Amino acid sequence: MKSLDIHKSEYLKQFKDQTYGRNLFRTQEEERLDAPNEECGIFGMYSDNDLDTFSLSQFGLFALQHRGQEACGISVLKNGRITNMKDEGLVLDVYKEIKDPETFMGNSAIGHTRYTTAGDKKKYNFQPFFAKNEYDQIILSIAHNGNLTNVKELKKELEAEGVVFRATSDSEVILRLIQKNLDLGLRSAIKATMEKIEGAYSVVGMTRNKFFAFRDFNGIRPLVLGAVDEKTYVVASESVALDAVGAQYVRDVLPGEIIYTNENEPGKLNSYMANEEKGRQRICSFEYIYFARPDSTLENINVYEIREKSGEKIWDQAPVDADVVIGVPDSGVPAAIGFSKASGIPFRPVLIKNRYIGRSFIVPTQEMRERVVNLKLNPIISEIKDKRVVIIDDSIVRGTTSKRLVKILKDAGVKEIHFRSVSPPIIAPCYLGIDTPSKDDLISANMTTEELKNYLGVDSLEFLSTENLKEILGSSNHCFGCFTEEYPVGKGEEVELFN
């Protein structure tokens with residue numbers, strides 16, 4: 001058997017040139033229905049010198065592809081002119097549609113890879129959003145990750161002032177508020193916007209001569225800062241995007257912080273705290289469990305290490321006699337390695353992935369859709385037949401994927417199945433930028449653990465406790481809303497979008 005260190009190395013290496021897939025058992029339909037889906041990924045870079053922004057933005061966004069697969073877009077600043085392109089599809093497919101890469105070479109770029117939370121899936125909701133002047137020139141462009149909770153009220157106010165909205169996304173409210181206040185200067189315009197908007201937001205943007213980024217006062221959605229050299233800066237949702245463009249991780253953008261450039265000080269990046277008293281750290285805990293790529297670092301915490309520790313911790317919490325430990329690719333594997341390390345039960349990567357399969361097949365029947373899953377992942381029967389198996393998964397949401405997984409293992413002749421979820425039971429939806437099912441569809445909100453064990457047909461079932469999750473993370477300074485129904489900000493008017 002390979003050592004666990006070799007398994008870890010091989011596991012992480014694959015994501016350098018292949019897209020990270022969180023739970024490969026889920027069909028495309030189930031990625032909407034049986035998973036908490038990430039809202040989007042944002043990327044931005046600025047230099048005092050011209051860059052190959054076409055290639056570098058492509059590399060950065062590809063590293064963030066797991067955060068959204070519906071659409072992709074970029075805005076590039078070159079010689080005081082902003083050019084925008086966005087379309088439906090994956091990052092590499094959208095970039096293939098750019099006929100003249102030279103058009104997207106400049107000294108600054110922002111980009112977005114989209115998963116829909118607020119607003120519908122029409123092209124006018126694709127990002128980056130931009131505002132134009134009376135000469136039809138783009139003067140401001142932003143990309144946003146998160147969700148506002150008071151958007152309805154703000155939209156009414158702006159419409160009463162004559163602002164015309166062209167999309168149904170809450171991100172456009174941020175754009176219009178900054179645009180409205182630009183006469184105050186960029187920093188003051190952003191500060192005024194932050195004082196009005198509520199909820200979760202990480203934003204990156206540009207004007208015709210400035211670059212900027214800012215983060216909500218609770219730091220719920222991630223945003224990291226890196227540098228290629230003394231005059232070239234990068235911001236992104238995750239540190240893997242910095243790695244992809246050769247930037248060094250510097251630190252995370254602080255809750256309530258605005259970072260920006262000034263045309264009078266080329267190459268210098270400035271920092272300003274919009275409100276020192278309001279800033280506090282409440283980053284989403286599910287970033288570490290599920291959303292972020294395992295080779296990312298957020299708030300100086302390595303995601304892989306957290307997932308491995310979660311496997312170790314759930315062994316301490318709920319030990320069991322078994323012959324084999326397996327993890328659901330890709331997100332469940334580090335926890336399975338941690339469980340194996342703590343228990344001494346051998347880890348076996350027995351769920352084999354077909355990396356050449358497309359995102360989905362178009363099939364008319366449920367029976368055929370079920371078969372697609374077996375094309376994506378197939379078990380090595382000889383490794384698990386007549387064995388007692390511990391299966392480690394990142395979470396259980398609606399339970400449909402977990403039930404199918406159990407059936408596949410039983411069909412392979414597994415003797416016993418012990419299911420371990422390395423997140424606490426998900427009992428509440430999120431309205432802060434993550435697309436989760438309604439409470440009625442969250443199986444742990446409607447069943448006891450014993451009832452769920454019987455529904456899945458497993459010999460034992462355990463969830464990592466919230467207290468153990470806090471211990472692994474090293475603090476309670478995170479958002480645990482989906483586990484506790486207690487959130488760092490009020491629900492606001494928009495909660496019906498998610499319930």
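This report describes two sheets, two annotated sites and one buried glutamate in a predicted model.

Residues are numbered from 1 along each chain as its sequence is written. Because the model is predicted, local features need pLDDT of at least 70 and side-chain atom pairs count only at pLDDT 80 or more, while totals for chains, interfaces and linings use all residues; side-chain values use heavy atoms, with hydrogens and water left out.

## The two sheets

Strands here are DSSP runs of E with at least two residues, helices are DSSP runs of H or I with at least four residues, and both are numbered from the N terminus. Two strands count as paired if DSSP finds at least two bridges between them.

One open sheet has seven strands in the order β3-β2-β4-β1-β10-β9-β11, with antiparallel pairing. Its edges are β3 (81-88) and β11 (248-252); each has a single partner strand, so one side of each is left without a neighbour in the sheet. From one strand to the next, the twist averages 15 degrees. Such angles are taken between N-to-C directions and run from 0 to 180 degrees, with axes fitted as lines to C-alpha atoms, for helices over the stretch in contact.

Within this sheet, β1 (residues 40-51) and β4 (residues 106-114) are joined in the antiparallel sense by eight bridges. G44 has I110 in β4 as its bridge partner. Helix α3 (residues 53-63) lies across β1, β2 (71-78) and β4, and runs at about 30 degrees to β4.

The other open sheet has six strands, ordered β5-β6-β7-β8-β12-β13, again with antiparallel pairing. Its edge strands, β5 (129-132) and β13 (269-273), each pair on one side only. Neighbouring strands are turned against each other by 15 degrees on average, direction ignored. Four bridges connect β5 with the antiparallel strand β6 (residues 138-148), and F129 has I142 in β6 as its bridge partner.

## A site with S331, D393 and D394

An unreviewed UniProt entry lists S331, D393 and D394 under "binding site". UniProt positions are given in the numbering used here, feature names are shortened, and annotations may be inferred rather than shown by experiment. The three residues are spread over 64 residues of sequence but cluster in space, with a largest C-alpha distance of 7.4 Å.

S331 sits in the loop between β17 (324-327) and α11 (333-343), whereas D393 belongs to strand β20 (residues 388-393). The side chains of S331 and D394 are joined by a polar contact of 2.4 Å. A polar contact is a pair of N or O atoms within 3.5 Å; within protein, one must be able to donate a hydrogen and the other to accept it, and residues adjacent in sequence count only if both atoms are side-chain atoms.

Contact in general means heavy atoms within 4.5 Å. Not counting residues up to four places away in sequence, S331 touches Y11, Y20, G21, R22, N23, Y290, R307 and D394. On the same terms, D393 touches N23, V328, S402, F419, R420, S421 and V422.

## A site with four cysteines

UniProt, again in an unreviewed entry, places a "binding site" at C284, C430, C479 and C482. The four span 199 residues in sequence, yet no two of their C-alpha atoms are more than 10.3 Å apart, so they gather at one spot. The lining of the largest cavity includes C284, C430, C479 and C482. A cavity is a set of points on a 1 Å grid over the protein atoms alone where a 1.4 Å probe fits but cannot get out, and lining residues have an atom within 4 Å of a point.

C479 is in strand β23 (residues 478-479), and C482 is in helix α17 (residues 481-484). Apart from neighbours within four places in sequence, C479 is in contact with R282, I283, C284, S285 and P488. With that exclusion, C482 is in contact with F286, P425, I426, I427, A428 and Y487.

## Burial and E238

Buried means under 20% relative accessible area, exposed over 50%, and partly exposed in between (1.4 Å probe, protein chains only).

| Residue | Relative accessibility | Class |
|---|---|---|
| S331 | 2% | buried |
| D393 | 2% | buried |
| C479 | 9% | buried |
| C482 | 14% | buried |
| E238 | 0% | buried |

E238 is placed in the loop between β10 (232-236) and α8 (239-244). A polar atom of the E238 side chain lies 2.9 Å from the backbone nitrogen of R293. Leaving aside neighbours within four places in sequence, the contacts of E238 include L64, H66, R67, F291 and R293.

Note on methods: On a 1 Å grid over the protein atoms alone, a cavity is a set of points where a 1.4 Å probe fits but cannot get out, and a pocket is an open set with protein on both sides within 12 Å along at least five of seven lines; lining residues have an atom within 4 Å of a point.
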